[in-house]
Protein chains: 2
Amino acid sequence: MNLSATEEQLMNFIWEKETAFMKDILEAYPEPKPAPTTIATLLKRLTDKGALGFKTFGNSREYFPLYSKSEYFSGKVNNLIKNFFNDSPSQFASFFTKETNLNQEQLESLKSIIEDQIKSKKP
Amino acid sequence: MNLSATEEQLMNFIWEKETAFMKDILEAYPEPKPAPTTIATLLKRLTDKGALGFKTFGNSREYFPLYSKSEYFSGKVNNLIKNFFNDSPSQFASFFTKETNLNQEQLESLKSIIEDQIKSKKP
DNA sequence: TTATTTATTCTACATTTGTAGAATAAATTC
DNA sequence: GAATTTATTCTACAAATGTAGAATAAATAA
């Protein structure tokens, strides 16, 4: 379940589009585009890693993610929390709000998200 | 400023202890400990990368971090935010609170952290 | 003071990653 | 139907990573 930087980038595109053909991916890359074989290699590696599945159409494939962005990402965050914050999410949260420079509005919206969470957890 | 998994682990130890000698580090590793040369290699790589400095004492060195855990970590988080949340910290925050399973108490404490932040930002 | 331990560097080697050419096969265009 | 384009696989190769032995130098113990 661990992806490298370029693999993440590619997955991110497929997560957003839901499914993608090789050519969609190549199109999406900004200039200077990588060689098509570079993309092909990444697709193969991701398929081998179990991150992507595909459905064959003629001589090409429609790729789709085998796990969601949330699944992948929550693994990553939890890993960060474990490694850097002694397994304490609240310690992380505190760090997070201090370090990421949320503006007034963002803080307010975060606050109401948390309030909702609190409510939804009340018995 | 980019560290690999094992490098992070080592840095984490030094960040906590503030400074450390080779032997402190080796001691801290749980069984089965890595070979001392493995640690030595990591220390050298981290020094070359500019993550660690040292002060020589006889034939050994007292290593210390050249940047703080916060500095390093906020770079990492901001990177995550950029890559996965379209550069929107609040989108990330929302995801975070939903995915990391904070309990009632942790949510409350996070809420008051945010309230403090809001207050401190009011003109 | 010789033997031993310790810290460091150098060398090494397998694995993973970023990148892409060569080869091939299928599909499309002329 | 021959020529070209497209998708995929195979091979390749440099850089980074995880791991550690050999060599060396300095410090310590016997």
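The following dialogue covers the surface near DNA strand D, the relation of the two chains and some backbone features in a predicted model.

Student: What should I know about numbering and cut-offs first?

Tutor: Residues are numbered from 1 along each chain as its sequence is written, and chains are lettered from A and ligands numbered from 1 in the order in which they are written. The model is predicted, so local features need pLDDT of at least 70, side-chain atom pairs count only at pLDDT 80 or more, and totals for chains, interfaces and linings use all residues, while side-chain values use heavy atoms and leave out hydrogens and water.

Student: Which residues come nearest to DNA strand D?

Tutor: A residue is near a strand if one of its heavy atoms lies within 4 Å of it. Of the 22 residues around DNA strand D, the nearest are Arg61(A), Ser4(B), Thr6(B), Thr41(B) and Arg45(B). Among the strand's atoms within 4 Å of the protein, 62% belong to sugar or phosphate and the rest to bases.

Student: Which side chains have a polar atom by a base nitrogen of DNA strand D?

Tutor: A polar contact is a pair of N or O atoms within 3.5 Å; within protein, one must be able to donate a hydrogen and the other to accept it, and residues adjacent in sequence count only if both atoms are side-chain atoms. Thr41(B) places a polar side-chain atom 2.8 Å from a base nitrogen of DNA strand D, and Arg45(B) does so at 2.9 Å. For Lys49(B), a side-chain N or O atom is 3.3 Å from a phosphate oxygen of the strand.

Student: How are chain A and chain B related?

Tutor: Copies are superposed by least squares on the C-alpha atoms of residues with pLDDT of at least 70 in both. Here a rotation of 180 degrees with 0.0 Å of shift along its axis puts chain A on chain B, with RMSD 0.1 Å. That is the relation of a two-fold axis. In chain A, the C-alpha of Lys111(A) is nearest the axis, at 3.1 Å.

Student: Where is there a cis peptide bond in each chain?

Tutor: In chain A a cis bond joins Glu31(A) and Pro32(A), with omega about -5 degrees. In chain B the bond from Glu31(B) to Pro32(B) is cis, with omega near -5 degrees.

Student: Is Glu18(A) buried or exposed?

Tutor: Buried means under 20% relative accessible area, exposed over 50%, and partly exposed in between (1.4 Å probe, protein chains only). Glu18(A) is exposed at 58%. Its phi is positive, about 80 degrees, although Glu18(A) is not a glycine. Glu18(B) also counts as exposed, at 58%, and has a positive phi near 80 degrees.
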